[in-house]
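Here's an informal walk through this model, one chain at a time. Keep the viewer open and follow along.

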Amino acid sequence: MQQIIEVIKQAFGSIPFEQLLREFMLYSTKEPWFFTEFSFLFTFGIFLFFYALLFTQNSFRKIYLIAFSLFFYYKSSGPFLALFVFQIVVDFLFARKIENKEGTSKQIWLGVAILFSLSFLLYFKYPNFILENTNWLLLTHFEPVDLFLPIGISFYTFQSISYIVDVYRGEIRSSKSFLDYAFYMTFFPHLVAGPIVRAKDFLGQINSPENLDARRFKESLFRIVTGLIKKLLIADYLGKYVDMVFDNPALYTGGENLLGALAYSFQIYFDFSGYSDIAIGLAFLLGYRLKENFENPYGSTNVTEFWRKWHISLSTWLRDYVYIPLGGNRKGALNTYLFLLITMLVGGFWHGASWQFVCWGAAHGLALALHKAIHKHLPEGKWMDFLGGIFTFSFVTFCWIFFRARDFDTALLMLNQMAIATSETDFIGFWFSRNELAILLVALLSWTIIPGNWKRKAFELTFYVPSFFWFFFLLAALQLIIQFRDTLVQPFIYFQF
Amino acid sequence: MNRLYLVWASICFILACSALYLYSYIPSTYLLADQEIKKLFEIEKAAEQDAKIIEVAEIDTIPTYVIPADTAQMVYSAIPEPILPDSSVDDSTQHRILLIGDSEAGGMKNVLNDYCQSNGHKLVATVEWASATSLNFAKSDTISKIIKRYRPSFVFVLFGLNEVLAKDYVTRKTLAKGFHKRLSGIPYAWIGPTNWGYDYVVSDAFQAAADSAAFFSSKHLVLPKAVDGRHPSLPGYRIWMGNVANWLQESSRWKIRMMPPTRFGYPKKYKAIVLNAADYRGY
């Protein structure tokens, strides 16, 4: 007992509380706040305690949550908080205005509102792309500008556009309460990396959060823990190998490049879906329901199905606000293919300002159009589903190369390495030199084959564990992350050629 | 409304994080199934340590303006008279040679290629890692991979220009030793960077890290400079290589045949790998 007291004394005595508090309150560009930070998880615990006390006080609860969300954004993006708040205020006023207008003036107000929302995204995300292409086309010499992209701007811009368009279409009433609108926009679980939440799905929940019962408590914690493990253990571990291969593909054999692309496929999935899991779990704990963002996408048997299961909030946004307004499938087969292509080009461009993303979007757009054109003529059956699954996964992985590579030359170099320098010895060498990574890749590949509902049933078994034990579950998961977080990928052994 | 679960959830987060923070402050370490239970701050400390080392490497990169531009009054070294190989050198040995280094290796590669081909050796590959310092060479496993791939029987090492202003002898020596391990026992010739009058500790640190008589210090050479004021000119590289060649045949640890080439401008059959530390740190 004496020893424990000594340890606590020593621990608390050596903690510079004043300095920690100062650092905690200030934004640091080196340590922006994300769900994966331990300081966030600790602060969230404290926040949750007072949230429980205020839960039944509707207005106080909303103000408290908005304040925490704004603090969270400040810790993630610093001074861009002011821009974010400004955008929220102006979009709220625009939506009110649009609702009260009719005919042409309504359309003009809609155009102005969308342009306003997009202007920030265009200003921060695309100037260098425009300058580079202007230089290339007109032989000018504009210097690239050095701009910091506010975190989450792509997500909240699409979110505000969806709100304004839904109000314009009359699908929802504009929010009468600024507090409710601010709550919807700032709600921290979806703020910085989605899912893109639609106002019609969320505004109705704001004033009546669901109670947290035992099952909901367990499910929330389960989502948060699995999200942390997906992101910090699996995605980050794969990322070390992926970075090495994509940084310099010429140093690796074709087989290693191929496995680098495969590893990236899983890295991006576990990174994105891990983040979404945490967001959904946090929201669920607070009494709100966010829609699923991934549904076993790598188990898809064709590209159309893949886009129904991958980054669902983005793909449905693109469907509702780009594809259908363009004409959807109502204007003939050829136009449908064209609209699919345009929609995916927008999707590609949304991901980043470079021709690689445009190319990635175009490849998916063409694949969607092709599938639309031929799917009725394809034979059906389990074997076709299996082959379709392999083809779809291979195609998606192929496209990820352009998505991840530093530039076109690097992507082409990787493909070239795969085409001309692949032999079976590469894989044997990989197995012996990086067997942990190899086992992980095999396990992840097997994971994609297991149907989603099987996984769900397996997860539900954990809900029989009493609530009390979930503390140990959380503790063990966090310690597991600390244990393996800094494990280096084993050095590669090149097989002789 | 059952707020009990909300409170319990908050306690779970607070307690779990507090327990992990507190464990980080406990001096002793515990084991579980023979594995050390790691502490949260260990990761942060390791990251801070890495950041410090990287900072050292970043700040000591030599700025061009400190190198004397006017060398008109300098008396340059010259290509020395060739020395015949030591009797221990086997004339028939044909080495597979790999050149590793910074931008100076990039300047040296064609001259070395001429020497190699003229002496029956094969320059298989060159690695020109511009702006790299011993930190890159020590921490990166890129060089190990290249060695495994090209299977050289002899390695030329040439870097240090980007850190000639460094004064931290111990750090440079440690990093150089780290790089030395990557050579995996293959015979090598380690050539120190050119000296523009600013080499405080680098050559000495590298010499201490290398095997005895395996390091050629270039500090005594005065070489004509290229127009960038930083690297030797082509005649400068030829003078340099001439001196290295004599040392290789006469007094280096692993002597190899390296007589002056019968002509310059042999075909370039080697694989030239060009990296830039600004884009590719290597670790």
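## Chain B at a glance

Of the 283 residues in chain B, 42% are buried. Keep in mind that this is a predicted model. Chain B is a mix of 8 helices and 8 strands. Look at its contacts between residues at least 6 apart in sequence, and you'll find that 80% of them join residues at least 24 apart.

## The sheet in chain B

How are the strands of the chain B sheet ordered? The sheet is open and has 6 strands, running 7-6-5-3-4-8, with parallel pairing. At the edges stand strand 7 (215-216) and strand 8 (271-276) of chain B. Each of these two has a single partner strand, so one side of each is left without a neighbour in the sheet. As general background, strands of a sheet pair through backbone hydrogen bonds, either parallel or antiparallel.

Now zoom in on strand 3 (residues 96-101) and strand 4 (residues 122-130) of chain B, a parallel pair joined by 6 bridges. Arg96(B) sits opposite Lys122(B) of strand 4, and Gly101(B) has Glu128(B) of strand 4 as its bridge partner. Helix 5 (residues 142-150) of chain B packs on the sheet, where it touches strand 3, strand 4 and strand 8 of chain B. The direction of this helix makes about 165° with that of strand 4 of chain B. As for cover, strand 3 of chain B has 5 of its 6 residues buried.

## Strands 5 and 6 of chain B

Next up is the pair made by strand 5 (residues 154-158) and strand 6 of chain B, which run in the parallel sense over 4 bridges. Here Phe156(B) stands opposite Ala189(B) of strand 6.

Which way do the residues of strand 6 (residues 188-191) of chain B point? Tyr188(B) and Trp190(B) go one way, while Ala189(B) and Ile191(B) go the other. Buried or exposed? All four residues named here are buried.

## Chain A at a glance

Over to chain A, which has 23 helices and 0 strands. Buried residues account for 40% of its 497 residues. Among its contacts between residues at least 6 apart in sequence, 73% link residues at least 24 apart.

## Helix 13 of chain A

Helix 13 (residues 254-286) of chain A is a good one to trace end to end. At 1.5 Å a residue, its 33 residues should span 48 Å, and the C-alpha atoms at its ends are indeed 48 Å apart. This helix is mostly covered, with 30 of its 33 residues buried. Just after helix 13 of chain A comes Gly287(A), with a positive phi of about 105°.

## Two partners for helix 13

A quick reminder before the angles: two packed helices are described by the angle between their axes and the distance between the axes. Take helix 12 (residues 214-247) of chain A to begin with. The axes of helix 12 and helix 13 of chain A come within 7 Å and cross at roughly 155°. That angle is over 145 degrees, so helix 12 and helix 13 of chain A count as roughly antiparallel to each other. The crossing of helix 12 past helix 13 of chain A is left-handed.

Then there's helix 18 (residues 382-404) of chain A, which packs against helix 13 of chain A at an angle of about 85°, with the axes 9 Å apart. Helix 13 and helix 18 of chain A are therefore roughly perpendicular to each other. Which residues meet there? Helix 13 of chain A brings Ala261(A), Leu262(A), Tyr264(A), Ser265(A) and Ile268(A). On the helix 18 side of chain A you'll see Val396(A), Thr397(A), Trp400(A), Ile401(A) and Arg404(A).

## Two leucines in chain A

Leu81(A) is found in helix 5 (residues 80-100) of chain A. Why does Leu81(A) count as partly exposed? Because it has 19 C-beta neighbours inside 10 Å, and being buried takes 20 or more. Leaving aside neighbours within four places in sequence, Leu81(A) is in contact with Leu70(A), Tyr73(A) and Tyr74(A). Leu81(A) and Pro150(A) are 69 residues apart in sequence, with 8.7 Å between their C-alpha atoms.

Leu445(A) lies in helix 21 (residues 435-449) of chain A. With 14 C-beta neighbours inside 10 Å, Leu445(A) counts as partly exposed too. The C-alpha atoms of Leu445(A) and Tyr298(A) are separated by 9.0 Å, although the two are 147 residues apart along the chain.

Notes: Residues are numbered from 1 along each chain as its sequence is written. Chains are lettered from A and ligands numbered from 1 in the order in which they are written. This is a predicted model: local features need pLDDT of at least 70, side-chain atom pairs count only at pLDDT 80 or more; totals for chains, interfaces and linings use all residues. The expected span of a helix is 1.5 Å times one less than its number of residues. A residue is buried if 20 or more other C-beta atoms lie within 10 Å of its own, exposed if 12 or fewer, and partly exposed in between; C-beta atoms are placed from the backbone. Two strands pair if DSSP finds at least two bridges between them. Two residues are in contact if their C-beta atoms, placed from the backbone, lie within 7 Å. Axes are lines fitted to C-alpha atoms, for helices over the stretch in contact, and angles run from 0 to 180 degrees between N-to-C directions. Angles under 35 degrees count as roughly parallel, over 145 as roughly antiparallel, 65 to 115 as roughly perpendicular and the rest as oblique. A crossing is left-handed if the near helix is turned anticlockwise from the far one by less than a right angle, and right-handed if clockwise.
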